[in-house]
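Trainee: Could you take me through this model one feature at a time, giving the general idea before the particular case?

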Amino acid sequence: MRGPLSSPSRSSEKPIWSSILEIASWIPSRIQAISALVDRLMLLIEGSQCIPGEEPDVELALREALANAVVHGNEKGQIKVHICCRCGPGEISIVVSDQGKGFDFRKITGDGGTPEATREKGGGIQLMKTYMDEVYFERGGSEVHMRKRARRSWH
């Protein structure tokens, strides 16, 4: 391995340190559990300064992803929603997973769905796509991945 951290001959180069905040949590599959979790996460996200000024967008998308997991994802007997959040310099990524069987996200996201179906369902997914830079589904639709990058300020 070569580079500033392993090569003593490059003493004039300083290593670049970046902090990463990783949070993983489970919540019960109840609407009432969402606000307390989001409020705690947003305090940590704001404190990390990973996406300054973008926090309101992340909060809206996060609330919608959690609500979708609780209301649509989890069926009777399946009682938890998992969230994993990673904040790094200039970006945040969030994964929300439910214990349900998933859904055909292609129908709701416009990849084969009718305009009528999109109007009736999928408004929350469209909201997430509007406020985040990247949104996609895994595990048959029971896991949503979202990413937001900080805007560059050129003042």
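Mentor: We shall go from the overall layout to the core, then to the charged pairs and a few single residues. This is a predicted model, in which local features need pLDDT of at least 70 and side-chain atom pairs count only at pLDDT 80 or more, while totals for chains, interfaces and linings use all residues. Residues are numbered from 1 along each chain as its sequence is written, and side-chain values use heavy atoms, with hydrogens and water left out.

Trainee: How many helices and strands are there in the protein chain, and in what order do the elements run?

Mentor: Helices (H or I, at least four residues) and strands (E, at least two) are DSSP runs, numbered from the N terminus. Here the protein chain has 5 helices and 5 strands, and from the N terminus on they follow the order β-α-α-β-β-α-α-α-β-β. With contact meaning heavy atoms within 4.5 Å, residues 24 or more positions apart account for 64% of the contacts with a separation of 6 or more.

Trainee: What percentage of the residues in the protein chain is buried, and which residues of the largest nonpolar core touch the most other members?

Mentor: Buried means under 20% relative accessible area, exposed over 50%, and partly exposed in between, with a 1.4 Å probe and protein chains only. By that criterion 36% of the 155 residues are buried. A nonpolar core is a set of buried Ala, Val, Leu, Ile, Met, Phe, Trp, Tyr and Cys residues joined through side-chain atoms within 4.5 Å. The largest one holds 34 residues, of which Ile45, Leu66, Ile92, Ile94, Val96 and Met146 touch the most other members. Among the elements that give two or more residues to this core are strand 1, helix 1 (34-48), helix 2 (55-73) and strand 5 (143-149), and the largest share, 8 residues, comes from helix 2. Isoleucine 94, beyond its neighbours up to four places away in sequence, touches residues including Val58, Leu62, Ile83 and Met146.

Trainee: How far apart are the end C-alpha atoms of helix 2, and what covers its buried residues?

Mentor: The expected span of a helix is 1.5 Å times one less than its number of residues. For the 19 residues of helix 2 this should be 27 Å, and the end C-alpha atoms lie 25 Å apart, which agrees. Its buried residues include Asp57, Val58, Leu62 and Leu66, and what covers the buried residues of this helix includes strand 1, helix 1, strand 2, strand 3, helix 5 and strand 5.

Trainee: How many salt bridges does a search of the whole structure find, and which parts does the pair of aspartate 57 and lysine 148 tie together?

Mentor: A salt bridge is a side-chain nitrogen of Lys or Arg within 4 Å of a carboxyl oxygen of Asp or Glu. The search finds 11 of them. In one, aspartate 57 pairs with lysine 148, with the closest N and O atoms 3.3 Å apart; because aspartate 57 lies in helix 2 and lysine 148 in strand 5, the pair ties together parts that are 91 residues apart in sequence. Aspartate 57 counts as buried at 17% relative accessibility, as does lysine 148 at 5%. In another, arginine 149 and glutamate 91 have their closest N and O atoms 3.8 Å apart, and this pair links strand 5 with strand 3. A third joins arginine 139 to glutamate 143 at 3.3 Å; arginine 139 is partly exposed at 47%, whereas glutamate 143 is buried at 14%. Salt bridges that share partners also join Glu54, Asp57, Lys148 and Arg151 into one network.

Trainee: Which side chain of opposite charge is nearest to aspartate 98?

Mentor: For this purpose Lys and Arg count as positive and Asp and Glu as negative, while His and the chain ends are not counted. Aspartate 98, in strand 3 (residues 91-98), is buried yet has no salt bridge, the nearest side chain of opposite charge being that of arginine 139, 6.1 Å away. A polar atom of the aspartate 98 side chain does lie 2.8 Å from the backbone nitrogen of glycine 100.

Trainee: With which side chain does the side chain of serine 97 make a polar contact?

Mentor: A polar contact is a pair of N or O atoms within 3.5 Å; within protein, one must be able to donate a hydrogen and the other to accept it, and residues adjacent in sequence count only if both atoms are side-chain atoms. The side chain of serine 97 makes such a contact with that of glutamate 143, at 3.0 Å. Serine 97 is buried, with a relative accessible area of 8%.
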